[in-house]
Each structure stands twice: as C-alpha cells, then as structure tokens.
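User: I'm new to this and a bit lost. Please pick one part, take a close look at it, and then work outward from there.

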Amino acid sequence: MASSSLKDATAIVGIGQTPFAKQLPQSEKTLAARAIVAALDDAGIAPSEVDAFASYTMEETDEVEIAKAVGAGDVTFFSKVGFGGGGSCATIAHLAAAVATGQANVGVAWRSRKRGSGPRPWKNTTAQLPTPAQWTRPFGLLRPADEIGMLTRRYMHEYGATRDHLFNVALACRNRANQNPAAMMYERPLTRDMYMTSRWISEPLCLFDNCLETDGALACVIVSAERARDCRRKPVYVHSVAQGLPAQHHGMVNYWNDDPLSGPAWTAARHLWKQADFGPQDVDVAQIYDAFTPLIPLSLEGYGFCGRGEGGAFTEGGALEIGGRLPLNTGGGGLSEAYVHGFNLINEGVKQLRGTSTAQVPDAATCLVTAGEGVPTSAVLLRA
Amino acid sequence: MADAARTSNLLTPHMDDDGKPFWDYAAKGELRVQACARPDCQELRFPPRPCCPHCQSFDSEWRRMSGKGRIWSYVLPHPPLLPAYAELAPYNAIVVELADAPRIRLVGNLVSEAGAAPNSVDPAKLRIGARVQVVFGEVGGQVLPQWVLERP
C-alpha cells in the first residue's frame, strides 16, 4: 500500500456539485454537505467509509460539522491549506499523500462558498487579509482586482501584452460556459465590443477581466489506484502534485522582490514537471485559475507553455479555444462558469478525462489543473 | 491641509511592531527603510520584518532615503469600493521604485501637493517611469508619504 512516489498512486473517483448562482437559499454548510454526498454517490462509496478530509481557507464549514453531517466514519487525516484560491489543488495533493502512505483510505476534498450573496472579504476593515495591508490599503489598493491590476499594468508595459490578449482569455472561458448548462453565463455570449466598452473595475482591468461572484459548492473523492479500479466511474489518476511558495514572495502584492512578474506558478511548476512522465507539450487540456484574466498569461509562462513575456501572444489565434493549442477552462472557469475558489476547475478536469465535459476535447488523456497564481499556490496533473 | 475634509475617512495604516518605525519617521517627514545593521551585510528590506533574509541578523536600523523615485506601475480603481474611496474614484494608486534602491518599492498615491487627495492629479499624467518625489501629507489624521511629479 505505502508507496515512495505519489505518481498515479491515487485517483479521483467521484465528483459532485450544487447549482451555481448569484444567490442560493441554502447555508454554506448545507451546500457543502450536498456536494460531498453527491460526490460519494458518484463514486459509489458509502459516506461511512470516509476517513480523510481536506479543505482550504476561506472555507467556513469545518471538518467536525461536515463529518457529522454526511455521516463520515472515524476520520484519521484532515488538513486545511491557507491562501484562499491558492489551496484548491493542494487539497488533492494532501489527500493523495495521505492515501498513498496509508494514513487514510477514502478522502474527500470540498469547497463551499457564498461569495455571490455573502460579503466581499476586502470590505472588512478590521480583519487583516493575509497581505501586508498597512503598506497598501491606506492608499486605496483595497481589492484583489487593484493588487493584480498593478501587476497587470507592469506586465503589459514590460512585455507588450494588450487588452485584446486579456479579452482572448475572457472570450475562451465565456465560449465554454455557453456550452455548459450549469454555468452562470450559459446563455450570455460575450463580444469584443462588450469587453472593450465595459466599465472599469481597476484600470487596466475591466468588468470582464474579473471572475464571477457565486454561491455554490463542489467536492471530489480520492482513493488508492487499486481501489479506484473497482469504483463505479472511470478513474482519473493523480499523476503529479505540487505546492508553491517562492522565496521572498509577498502574495498578491508581490511588488517587493527582484522579479515581481514571476510568481508561485513557477515554483509549483518546477516540482510538478519534475515528478511527471510528461511535459507541458503533452497536456491535452488545461484548467487554469482565472480569478482575473491576466493570471492566465502569467500561468502559461509559469507552467512552461511559453517563455517569459510570451503569455499574451500565446492567447492569439484561438489558442485557448477547443481545437486550439491549449483548450482552457472548458467548463467556463471562474470567469464564466462559477467562482468557487477554483474547485470547479478540478471537477472539470475530471470530466474531461472521463470524456463527459460539455465542451469535450476529443480523446483528452492529460489535464493540468492549477490553483490561484499570485498567492501561495498548488497544481495537479491528472491523467486518464 | 488641502482636501482634508475629503480624505478624513480613508483607512489609516494598521501598524504592526515591525512597521511602526516607518510611520513614526514619516510623521517627522522622513522616508526611512529598514536595513540590516550587521556591518558586512547592510541589505535593505521591505516590508520590514524581524530578521534579515540575507544573513539572519536580528539587528536592524532605519536608513534615510532621498525620496526620489519612478512610477513602477499604477491602477485607477473604480467602484465598488469602500465608501470613502468610492467618493474619490477614479483615483490613482501607484507603486514607486526608489532611486536609492530600485528593488524597494512603495505603494502610494500621486498627488498635486502634500495632503491632497489621491484623485488630485489628472490620470493622463500617470506614466510608468515618470520621476516622482516624496512629500508628507496628513490623511485621516495620519501622516503618509505621498508622491508628486518631479516635472508636473
């Protein structure tokens, strides 16, 4: 059972999700329980077999509440990763490590959020967000959009990236959402004119450069590769996992080191590819964290799909669309399906490798899923 | 002070032990950055922290800067914002790299004069690379470093 490598030692065998909407009536806890029960049902595994949980901040429903709500068994492993959307894929990494080393047998990762109808975290002026707020907030750098907007302006200045490049990202995600009946933007096409004339949020970022605000929850189930072969669904193997906190990194206000435009993606990527049997050129489809459109060109560079400064140009010529060089966020992503701190990207990766996506990449066998760039991050390579 | 009524509700720095000297010096009209005090190290660091990341010395001093710099990047925030900021929107927030130490960058506002509001400069004047000079103005009862264009 115990293994010296995580490579393909575990698999995701169940996924579940609630509806996504600007406002759902159920509590965050209820949404979490529904997503987890659905994921276990999808896997064909009884809740009483669950003995591991992994979540990430800012999840407000803790393991005690979840375990007793869904009827988990005796739990022997539980972890919680920090830094909001940077922790999404780390939940998979932690559960894979726990299952592969015999700490647990059935792991559940989840995310439930009421970011659509609940408060915006940056509006809280008493709780300090995990950034050195005294150096930024008095000057009106209040929101993640402002912090990332600052890096975006510099990125555009240094490398010649344009608003059209950011639009290419927004459009690819919207086009996939238009194929996905579960997406919040299913019936809402986007045009270049709409993008270019939309209101600013923090110039150079406009409305369509920002993710959605969503109520909803998702979950997935991880077991050993051996157990996975007996499950109801086709296993999706966890091929490689990584977390990344670079030296002298400062989070979304990464202005205080030698190279502010290279972030946690670079650190996670080095470890991810080192452990993998394949490289960026072999990735069939990617689910890249998209709280803001500029995170895509940065992540494309960080994960090695192109060189430094080439992330904007990479998006040209339909590269991110189905049939392009790297089909992106095929459920619509945080920009157009739902913003649930990136967990929908994990589940969409599983759907692609099962062959059940609403925007299926033909014969997809490898998928990169990433967590938030610009904060201590994580990533996972999935394979069919 | 110019614009005092318009800026009285802006957030003031939520200081920690490491950052407090920066604000105390600012109140005296001095821009100082934390530096390692070990003679063979002397590296500047920002934001301030207990220990030098280069040599692990816990001895530090606060080195005075000339206050000259260049705009490294900027944004123009629009609503939704906290109410006091929404009233000023669009305003600017800038990152300045210091002429004395280009890897030390400070977030601030480009203003027309000391104490002016963060929307007191025409956004068309903002440009990456523009030379700026620190001034000190009272905002919400707290003295903050602010920045004016060297050639307005």
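Analyst: Start at Pro90(B), which sits in the loop between α3 (83-86) and β4 (93-98) of chain B. What is the peptide bond from Ala89(B) to Pro90(B), cis or trans? It is cis, with omega near -10°. Keep in mind that this is a predicted model.

Now step back along chain B. Pro80(B) is in the loop between β3 and α3 of chain B. The peptide bond that leads into Pro80(B), coming from Pro79(B), is also cis, and its omega is near 10°. So far, then, we have a cis bond at Pro80(B) in the loop that comes before α3(B), and another at Pro90(B) in the loop between α3(B) and β4(B).

What does the record say about this region? UniProt, in an unreviewed entry, lists residues 62-136 of chain B as "domain: ChsH2 C-terminal OB-fold". Over that span the chain is 44% strand and 5% helix. The C-alpha atoms at its two ends are 18 Å apart.

Keep following chain B and you get to a hairpin made by β6(B) and β7(B), with 2 residues between the strands. Strand β6 covers residues 131-139 and strand β7 covers residues 142-149, and they pair in the antiparallel sense over 8 bridges. If you want one pair to find on screen, take Phe136(B), whose bridge partner in β7(B) is Pro145(B). In the turn, look for Gly140(B), which has a positive phi of about 60°.

Next, go back to β3(B), because it takes us across to the other chain. Strand β3 of chain B (residues 68-77) is joined to β5(A) by 2 bridges, and the two run antiparallel. One spot to check is Glu203(A), which has Leu76(B) as its bridge partner in β3(B).

That pairing belongs to a wider meeting of the chains: 29 residues of chain A are in contact with 32 residues of chain B. On the chain A side, the elements that give two or more residues are α4 (144-159) and β5 (200-203). Which of these gives the most? It's α4(A), with 6 residues. By class, the chain A side divides into 12 nonpolar, 9 polar and 8 charged residues.

Now for the rest of chain A. Look for an open sheet of 9 strands with mixed pairing, in the order β3-β2-β4-β7-β1-β8-β11-β10-β9. Its edge strands are β3 (77-81) and β9 (285-287), and each of these pairs on one side only. Neighbouring strands are turned by 25° against each other on average, ignoring direction. Inside the sheet, β4(A) (residues 107-114) and β7(A) (residues 215-224) run antiparallel, with 8 bridges joining them. Lys114(A) is a handy landmark there, as it stands opposite Asp215(A) in β7(A).

Helices lie across this sheet. Helix α1(A) (residues 28-43) crosses β1 (10-17), β4 and β7 of chain A, and it runs at about 130° to β1(A). Helix α3(A) (residues 88-100) lies across a longer list of strands, including β2 (52-56), β8 (236-244) and β11 (377-383), and runs at about 160° to β2(A). In the loop between β3 and α3 of chain A you'll find Phe83(A). Phe83(A) has a positive phi of about 75° although it is not a glycine.

α1(A) also has a helix partner. It packs with α2(A) (residues 63-70) at an angle of about 55°, their axes 10 Å apart, so the two are oblique to each other. Among the residues making this contact are Ala32(A) and Ile36(A) from α1(A), and Ile66(A) and Val70(A) from α2(A). The contact has 7 nonpolar, 2 charged and no polar residues.

A second helix pair is α8(A) (residues 264-274) with α9(A) (residues 295-302), packed at about 35° with axes 8 Å apart. Here Ala265(A), Trp266(A) and Ala269(A) meet Leu298(A), Ser299(A) and Gly302(A). That gives 4 nonpolar, 2 polar and no charged residues. Finally, an unreviewed UniProt entry annotates residues 258-378 of chain A as "domain: Thiolase C-terminal". That span is 32% helix and 8% strand, with its end C-alpha atoms 22 Å apart.

Note on methods:
Residues numbered from 1 in each chain as written. Chains lettered and ligands numbered in written order. Predicted model: local features only at pLDDT ≥ 70, side-chain atom pairs only at ≥ 80, totals over all residues. UniProt positions renumbered as here; feature names shortened; annotations may be inferred. Helix = DSSP H or I, 4+ residues; strand = E, 2+ residues; numbered from the N terminus. Pairing = 2+ DSSP bridges. Axes fitted to C-alpha atoms, helices over the stretch in contact; angles between N-to-C directions. Contact = placed C-beta atoms within 7 Å. Nonpolar A, V, L, I, M, F, W, Y, C, P; charged D, E, K, R; others polar. Parallel < 35°, antiparallel > 145°, perpendicular 65-115°, else oblique.
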